[in-house]
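Take the model below strand by strand, starting with the sheet and moving outward to the packing around it. The aromatic contacts and the cysteines come last.

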Amino acid sequence: MIREMAKDKAGAEKRCNEAYEKAQKLQPVLNDVITFVDPADQLAHLPEDGLMRGVPIALKDNVNTKGIRTTAGSRILSNYVPIYNATIVDKLNAAGAVTIAKASMDELAMGGTNLTCFTGPAHNPWDPRRMTGGSSGGSAALVASNVVPMAIGSDTGDSIRKPAAYNGIVGVKPTYGRISRYGIIPYASSLDHVGYFTRSIEDACISLQVLAGRDERDMTSSDRPVPDYSKLLNSDLHGRKIAIMGNVVESIANKHTVGVFNDLMDKMKAKGAQVDVYHFDDALMKAILPTYFIIANCEATSNHSNLDGIRFGVREDGADMKEIMTNSRTKGFGPLIRRRFVIGSYGLFEENQERLFRKAQKVRRLIVNALHDCLKEYDCVIAPASGDIAPLIDESKDQDQLSDTYMVAENYMAIANFSGYPSMTVPMGFEDGCPLGVNLTCRAWDEETMFDLGKAIEEITGYYDLHAEVK
């Protein structure tokens, strides 16, 4: 899709204007955009060539855009207009991409529902009664509703890969350091990854080629060469060794999801892959979520201490500076964010750091070591990206947050953020007209294998350019 669009230079203006208009038309139903970006000026300054020349895209609204409001889904930043671009924005512009929207997201990227944005919840294109997943849900919805072929997201725990599952599209979190994070409003610095959504593996390859590379303004970015991933694609499964995450599959209560997944595994075996069930230590799997919760909230509390209503952002009145900051943060943040900052602050108290934050870091290392040991033998680990289709927005189910289904099956993908390894979700089936996804995680810097396996799954399922027709 992206390659064909970029070749069609004459159709760039029509294509981008149609995407812009379609996004506006669907907004009353999906509410997946925070700020619309008129493509006119960008179209007037397109490069002569580029891998994404004239391709309409969307950016998650934690990506800084010079002169264009960037809110990170939070009321406290609802008036923030950056004076510089994130590195990936400059890269996309140089490749000829045309931004038509800043997409909805969970507030400050803290959440997995896309229900906490200050502009209200985003809705799933396959069934607008259902959530998109978060925190990159707006970007996912814009791709899944066929508005744009690619949209930027960020992933700290599973914030690209879970929405990709709920929306029936490809969601890629590459290796930590593969894409620069300069100019991205952070959540948790040791876990944050820039990634993206597409509707095909080939488009995922092209997108990473555009986005990846060393950036001197981001000391965590890598100077490793960036391959032409699309030219390297090879879907042959002979000789591939795949490890099913047995702990995850066994924790899923929905038998339909397990059946769809098992059917896919049987078809991968028939295509020549060696597929084995691999069990991680149960205690480590159950430790993923609490470990993530401590590390992410502590790092977020530190990262967002500058959102005080003084230096930038929405300022509330107060008798003195302390009262201004208290009022600005109290009114500027939603209840979920305030709770997370309390937890993060508690974990960072000097007397608590060793028994909470440092301990969580040590447990993280044990989890990463276990994944590393598995991937010494196998090309990837694989499991359903979620046990169910996207939940209903108004559904008030009391989920047991200590159950294996919640702690393991719904939150295990943070293991790829702990390790920094590349991880991707692709569609694998449907239930009640809504998509189900499968997630695979590979060795560090081995996006090539990840894309090869994803291409094989795409060919088996036939889910290429999958999108919803929103009514």
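The model is a predicted one. Its sheet is a sensible place to begin. Eleven strands, or 11 in figures, make up an open sheet of mixed pairing, in the order β1-β3-β2-β6-β8-β7-β12-β13-β11-β9-β10. The edges are taken by β1 (33-36) and β10; each has a single partner strand, so one side of each has no neighbour in the sheet. Averaged over the sheet and with direction ignored, neighbouring strands are turned by 30° against each other.

Strand β12 repays a closer look. In the order of the sheet, β12 stands between β7 and β13. How much of β12 is buried? Eight of its nine residues are, so the strand is largely enclosed by the rest of the structure.

On one side, β12 is joined to strand β7 (residues 170-173) by three bridges, and the two strands run antiparallel. Two of the residue pairings can be named: K173 has S423 of β12 as its bridge partner, and V172 has M424 of β12. On the other side, eight bridges join β12 to strand β13 (residues 434-442), again in an antiparallel arrangement. Here F430 stands opposite P435 in β13. The two strands β12 and β13 form a hairpin with two residues between them. D432, in the turn, has a positive phi of about 55°.

Strand β7 also leads on to a loop. G177 is found in the loop between β7 and β8 (193-198). With a relative accessible area of 8%, G177 is buried. Its C-alpha atom and that of A270 are separated by 35 Å, and the two residues are 93 residues apart along the chain.

The nonpolar packing comes next. The largest nonpolar core has 109 residues, and the members that touch the most others are L92, I152, Y196, I382 and F451. Which helix supplies the largest share of this core? Helix α11 (residues 282-303) does, with nine residues. A second core, separate from this one, has 27 residues, among them I100, A164, F197 and V470.

Aromatic contacts link parts of the chain that are apart in sequence. The structure holds 10 aromatic pairs. In one of them, Y278 and Y378 meet edge-to-face, with 6.0 Å from centre to centre and 80° between the planes. This pair links distant parts of the chain: Y278 belongs to strand β10 (residues 274-278), while Y378 is in the loop between α14 (350-377) and β11 (380-384), 100 residues apart. Y378 counts as buried because its relative accessibility is 5%, below the 20% limit. The ring of Y378 has a further contact, as K241 lies over its face at 5.4 Å from the ring centre.

Another edge-to-face pair brings the reader back to β12. F430 and Y463 are 5.7 Å apart centre to centre, with 75° between the planes. F430 lies in strand β12 (residues 423-431) and Y463 in the segment after α17 (447-461), so the pair ties together parts that are 33 residues apart in sequence. Are these two rings buried or partly exposed? F430 counts as partly exposed, at 24% relative accessibility, and Y463 is likewise partly exposed, at 22%. Together with W126, F430 and Y463 form one aromatic cluster.

The cysteines remain. How many disulfides does a search of the whole structure find? It finds zero. The distances show why for two of the cysteines. A disulfide needs two cysteine sulfur atoms within 2.5 Å. For C380, the closest cysteine sulfur is that of C442, at 5.0 Å, which is too far for a bond. For C205, the closest cysteine sulfur is also in C442, at 12 Å, again too far for a bond. Both residues count as buried: C205 has a relative accessibility of 0%, and C380 has one of 1%.

Technical notes
Residues are numbered from 1 along each chain as its sequence is written. This is a predicted model: local features need pLDDT of at least 70, side-chain atom pairs count only at pLDDT 80 or more; totals for chains, interfaces and linings use all residues. Side-chain values use heavy atoms; hydrogens and water are left out. Buried means under 20% relative accessible area, exposed over 50%, partly exposed in between (1.4 Å probe, protein chains only). Rings of Phe, Tyr and Trp (its six-membered ring) pair if their centres lie within 6.5 Å; planes under 30 degrees apart count as stacked, over 60 as edge-to-face and the rest as tilted. Helices (H or I, at least four residues) and strands (E, at least two) are DSSP runs, numbered from the N terminus. A charge sits over a ring if NZ of Lys or CZ of Arg is within 6 Å of the ring centre and within 35 degrees of the ring normal. A nonpolar core is a set of buried Ala, Val, Leu, Ile, Met, Phe, Trp, Tyr and Cys residues joined through side-chain atoms within 4.5 Å. Two strands pair if DSSP finds at least two bridges between them. Axes are lines fitted to C-alpha atoms, for helices over the stretch in contact, and angles run from 0 to 180 degrees between N-to-C directions.
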